Structures are given as C-alpha cells and as structure tokens.
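User: I'm new to this structure and would like a close look at one part of it, the charged side chains and how they pair up. Could you start with one pairing and then lead me outward from there?

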Amino acid sequence: MIDQETIQRIMDAARIEEVIGDFVSLKKRGANHIGCCPFHNEKTPSFYVSPSKGIFKCFGCGEAGDVVKFLMKHEHYTYPEALRWLAQKYNIEIQEEEQTEEQKERQNERDALFHVSEFAQKYFADLLYNDEMGRAVGLSYFHGRGLSDEVIKNFGLGYCLDEWSNFTDHARKNGYSDTVLEKTGLTIFKEETKKAYDRFRGRVMFPIYSISGRVLGFSGRVLSSEKQAAKYVNSPDSDIYNKSRILYGLYQARSAISKANKCFLVEGNIDVISMHQSGVENTVASCGTSLTTEQIRLIKRYTPNVTVLYDGDSAGIKAALRAVNLLFAEGMHVRCVLFPDGEDPDSYAQKYGSSALQDYLATHEDNFVIFKTRVLLDGVKNDPIRKAELVKETVDTIALVPDLIERTEYIAQCAHLLDVPEEALASELAKAVNRNRLKSYEEEKKENVQSNLNTQNIQDIQNNPTTQPTSEPPASLSLPVDPAERHLVQILLNYGDQTLYQSVSADDGTVQEYTYTVAQAIVAELQRDELCFTDPLCQRIFDYFANTLSQGQEPDASHFITIEDEALRSFAISLMLDTFRISDTWRQKQVFVPSLEDNLQADLTETILSFKLKCVADRIADNARRFREVKDDDQMMQLLAEKKQLVDLRRQIGLALHRVIN
C-alpha cells in the first residue's frame, strides 16, 4: 500500500491537463480546457478540465473527479495502479506500506496479467535479435518487408519459437502461474490431457499496446505455408484486452494524429508500421476485427477527420464501403484513398519509396460519399431498379452526416453524378434524417427506461433528503436545481474559505474589525432562520460545511472531488467548474467585467437574500395549499395572518434587493 505522504507528493506533482491531454485532445478555453468526452459519444465538446482546481467534469454524461479518478475510469486501473502510473510519469519514488493479504490478492490478480504480457513482449523481442532461429526466421521476415531495426524496436516486434511450449516453460521458470498464462491466452491447455502449448508458436509477434503504453495482448503472423494454419492469430479477450476497443498503433500514433488533426485508417499491422516508417505516423488499424463503433470513438478523441486507405481490389473496396456508414454515424469527416489494383500502403511504399507514398496520399484523397456513389454507379448501368436502390443507399449514407451544410453539398454533387433531380434527393434525404432521429429517440428512451431511477425513489429523496438512494439517477436525469440554491452552494464550494471583514463601531467610538469566512456567514444565516434546501444534493453539501464548522474544523471543498458518492461528486464538481468566460472582444473594447470574486461580499449578501426570497415564496405557496384544504374558520384566520407576515417579509427582502415585489 502506498503511504499517505507519497500519495500527497504524487497529487501535488500531477498536472491534470497534462495527464488527460495524453488521452484526450484538449483546447484551452479561458481558465479551463475543453474537449470531447472519452466516456460517451458526443459531437459537441462538453468535457471540461480545470487545472487550477485539479478536476474534470463532463456536462453530458456526468463523469467527474480528479486525475486519479480519470485514470481509474479511462484505463480501468485500480486506485494503486493509477497512483503508480502518475508516480512513473512524474518520477516520484513510491514508498509502500504493508498490505493485508486480501489487498495483495486483489491487486496482484490484475497486475499479473499486465506483468506476464510485458514479460512475453520482452522475451519475444529478445529472441528476434539474440536467438539463431529468431534472426533467421523472424528478423529476416521483417527485414524482407523493408522494416528498419529502428521501427521494429519502436513497435516492440518479436518472434515466438516454433516449439510446442518454449515460451510457457520459460514463463513457468520465472514464476508465472498456468492460470495467468491461460487468462492472457499466451498458453493453451488441452482439456483432455491438460498439456500446455504456446498459442503463438512459429509466428512473428506484434504486441498491442494501450494508449498509455502497457502491453495488452498480441497479434501473431504465421510464416509457414501450412494451409490449415490461420494467417493471423490474436490474443483472446481478457480482463485487460478487448480487441473491439483497441486500435493497433494508436499508442505510437496519438501525438501525430492530434498534431495533423487527421487519422489514416489501414487494414493491417504491417501497413501501420510501414506508414510510420514512411513518415506518415498518424496511422492506425483495427485489431483483427471489422471496424467497430468503440474504435471510431477512440480516433475521435484525437480528431474528427479520418482518411481510409484500402487495397484497390474488390475486397478492399467492399471493406471500405462497409466502414463508411459507421464513421459517418459517429460524426466523423471521412475521405478515402484507393490504391492501384494489387497494391496496399506497404507494397506501394516498398515499390516507390516514402516520398512517393506521401505524394500519392496527398493527391488521391477523395470524398467518401462521392467515391461510394461512383463505385456503385459502375454496376448500375441502365437498370432503373438498381439505380433506385443506389439512390436510397446514397441518401441513407448522407443522412448520417451531422452537418447540414455538408449534407446539402453532398446532395448537389450526388444529384449530378446520378443524373437525378436535386429536389428528389433532398426529399428522400429529409425522410431518411427523420427515420434516423426517430430511431435515436427510441434507443435513447429505451436506455433511459433501463437506467432511470423509479419515481418512488425520487419521491423518497425529496421527502427525506438525508436518506441516500439505493441507486443514484444518471446526471442527465437528476432533479432540477433552483437557481438561488445552486448559486448559494456554488459560492460555498468555490469561496467558502475566503475571508471577509466587517467593521463595528462601539458606543465609545472605537471601531473593532471582525473576520469571518464565507462558509461561516452562509451557515450562520441559514441556521439562524432555520432554512433548508429543497434539493437533496445541495442540502448534503451544506450539511458537510455546517457539521465541519460545528466541530471547530475548516471545511475543504476538495472533500467532494474524491467522495465515493458518484451523484454528489459529479454535482459538486459541476458547481466548482466555471464554464463561462468573458469574450476577448470586450477586453479589446476596454469593457471590463468584474468577476464574482471582485465583489464577493456584495454578491454573497445578494445571493443569501435571493435564497431567502425563494424560501419565503415556497412558504407562501405552501400556505396557499393548506388554505385550500382547511375547513375550520380559526385555522383559516391563522393561515391568513401567516400569509400577511410572509408577504410583508417578501416585500422587505425585495426592497433590500432593489426589486419591486407586490
């Protein structure tokens, strides 16, 4: 276990914008950074990172927390794993405390999968250069494909000897258990005999890395001419590896993708490596699967622009056409490059060189919608039925494009290509767009029904704010918060520790100055008038500050950044993040708008009065409800007297706020 002093050093050193920037493309906006959320699919950025507060928050899906929480969620790390990752990044030596046996077992179980995968990668890479068969078979194959030693080592390539259990025996000798070897898929055990053999024997090895550079699994290519042997074998899915959610080469390509604001998508591992060697480093490939939605979303974290590179044969064209709708559905801007028949990125680079490859990519990019229409049009000829099918398929693809201007331009170009009136295509497009919207609405409604908190539970929260629900509602479905309550809690979280000053004149003419914090002022005002929040999350935040102050301690808003309660953490962080900024144009025109902190005392007074005004309005509404229900004359008179007092109080607060209230 990592001791608290080391944890504090790690947290002090970690810069959240740097860490998250390794995984998400962020742009500076005022005091914050903003990007597309890595935890859900979105077209408009709603993911905010605050360097000054060390927090992140997605206002779309509600995910929020600090830098450790991000790594735990994004990389599926345990808490100690996230801390170790940060310690390594910032060169901080870890001081460990003694762990319980249960803690050790839980941590070691997942660590073992990573350790044996990294052990295997180093072993295969060592065999490639230091074993006679590794050099003769594996290294000669890579050199024969034109790969340099530099790029071979950069991608961690290796070779598994063509022996039944060479790697398994070596791993056992180094203390790795059969259970771990089987879970990673490095070793296969026959059910009948329990005999072990290496999954990747006789294959050149392509390690597959996570975005942070950890070895997750392998892809092995056979070099023998056996017809029964599969050309490529991939690691099976495990606790650390899921091929539908991983892109080959993304670890090496992510910086280049962000810098170029474009990603080249190819078919195979060798294509990726060859493109990197040719200077086109912003290249990735799917890991032994057809392109998936999860893989597209990985690319989208870094850029919305994708250029698909496929072989010029019919199979390559069909694969390209299958991928296009998925890409458009995720809001990507898609172009394509089709290589001459019989060529692929690797063979083209080998034949003509790196410069020629880069020139070819630059001059042969084509709009994918137009490309698809041209390809399909070749098979239509004069058949009206097939042409009608082509029109429908083309329109269905255009309907997936989120941008209205882009769709309009596609309609104009495709109408010309298909020799169809533009109005007819536009009419069909409108129908297709409506179908997609209806489908999305039905899917979203279905998800909401499955994940939404039942109505009775919401009523329980309202009736008993101190009771925590058994399951929290999603952030997007949480109960609305009154603006007066929200703003008061926002001041409490962001400025609760700020010191205020008040001068009081005594009878003898002397002036005494008192100091107090914003939190003390808010708690004292609300407790004196016995006021409560209607929103349960606001009340729980207030209760924390009130209870902490009553114990003579200083409340700390960072308490809510690491709290286990996801709904409360997300809500608090959303209030701690300032997502608005003053336009630069105002400053250029010498218009300076004071911040809340500049007028904190005045704003605090106004906010407390606004909250009290809201509470009085609630009581007047409750008075009216009770008045409608009672039948007794005495009770009616009491309620009328109470209403008069409340109305007078409302008027007084209105005058203090300089508002005219009847």
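Analyst: With a relative accessibility of 29%, D622 counts as partly exposed in this predicted model. Its salt-bridge partner is R625, and the closest approach of the two side chains, N to O, is 2.6 Å. R625 is partly exposed as well, because its relative accessible area is 34%. Both residues belong to helix α26, and since they are 3 residues apart there, about one helical turn separates them. The pairing does not stop with these two: D622, R625, R626, E629 and E642 are joined into one network by salt bridges that share partners.

How many salt bridges are there by this rule? The count comes to 30. The idea behind them is simple: side chains of opposite charge can pair when their charged atoms come close.

Now let's stay with helix α26 a little longer. K614 meets E485 in a salt bridge, with 2.6 Å from N to O. This pair ties together distant parts of the chain, as E485 sits in helix α21 (residues 483–495) and K614 in helix α26 (residues 600–629), with their positions 129 residues apart. Are these two partners buried or exposed? E485 counts as buried because its relative accessibility is 0%, and K614 is buried too, with a relative accessible area of 12%.

A further salt bridge joins D565 and R540, whose closest N and O atoms are 2.5 Å apart. Here again distant parts of the chain are linked: D565 lies in the loop between α23 (536–550) and α24 (566–576), while R540 is in helix α23, and the two are 25 residues apart. Both D565 and R540 are buried.

Back on the surface, there is also a nonpolar side to the story. F627, M637 and L640 make a nonpolar surface patch of about 290 Å². Of these, L640 is placed in helix α27 (residues 633–656). L640 counts as partly exposed because its relative accessibility is 44%.

Charged groups can be found over aromatic rings as well. The charged end of R214 sits over the ring of F114, at 3.8 Å from the ring's centre. K73, for its part, lies over the face of F39, 6.0 Å from the ring centre.

That brings us to the rings themselves. A pair of aromatic rings is described by the distance of the centres and the angle of the planes. The structure holds 34 aromatic pairs. One of them is F206 with Y232: the ring centres are 6.3 Å apart and the planes stand at 50 degrees, so this pair is tilted. It links distant parts of the chain, with F206 in strand β9 (residues 203–209) and Y232 in strand β11 (residues 232–234), 26 residues apart. The two rings have unlike surroundings: F206 is buried because its relative accessibility is 0%, whereas Y232, at 30% relative accessible area, is partly exposed.

A second pair to look at is F368 with F371. Their ring centres are 5.6 Å apart and their planes are at 75 degrees, so the pair is edge-to-face. F368 and F371 are separated by about one helical turn because they are 3 residues apart in helix α16 (residues 368–377). Both are buried. Aromatic residues also gather in a group: F119, Y123, F124, F167, Y176, F200 and F218 form one aromatic cluster.

Two more places round off the tour. In helix α10 (residues 250–260), the buried residues include L250, Q252, A253, R254, A256 and I257. Just after α10 comes N261, which takes a positive phi of about 55 degrees.

The other place is A64, found in strand β5 (residues 64–65). A64 counts as buried because its relative accessibility is 1%. Which residues does A64 contact, leaving aside its neighbours within four places in sequence? They are F56, K57, K69, R569, S570 and I573. The C-alpha atoms of A64 and Y48, which are 16 residues apart along the chain, are separated by 9.3 Å.

Notes: Residues are numbered from 1 along each chain as its sequence is written. This is a predicted model: local features need pLDDT of at least 70, side-chain atom pairs count only at pLDDT 80 or more; totals for chains, interfaces and linings use all residues. Side-chain values use heavy atoms; hydrogens and water are left out. Patches are made of residues with over 30% relative accessible area and no salt bridge: like charges are joined within 9 Å, nonpolar side chains (Val, Leu, Ile, Met, Phe, Trp, Tyr) within 5 Å. Accessible areas come from the Shrake-Rupley method with a 1.4 Å probe; for residues, only the protein chains shown count as cover. A salt bridge is a side-chain nitrogen of Lys or Arg within 4 Å of a carboxyl oxygen of Asp or Glu. Helices (H or I, at least four residues) and strands (E, at least two) are DSSP runs, numbered from the N terminus. Buried means under 20% relative accessible area, exposed over 50%, partly exposed in between (1.4 Å probe, protein chains only). Contact means heavy atoms within 4.5 Å. Rings of Phe, Tyr and Trp (its six-membered ring) pair if their centres lie within 6.5 Å; planes under 30 degrees apart count as stacked, over 60 as edge-to-face and the rest as tilted. A charge sits over a ring if NZ of Lys or CZ of Arg is within 6 Å of the ring centre and within 35 degrees of the ring normal.
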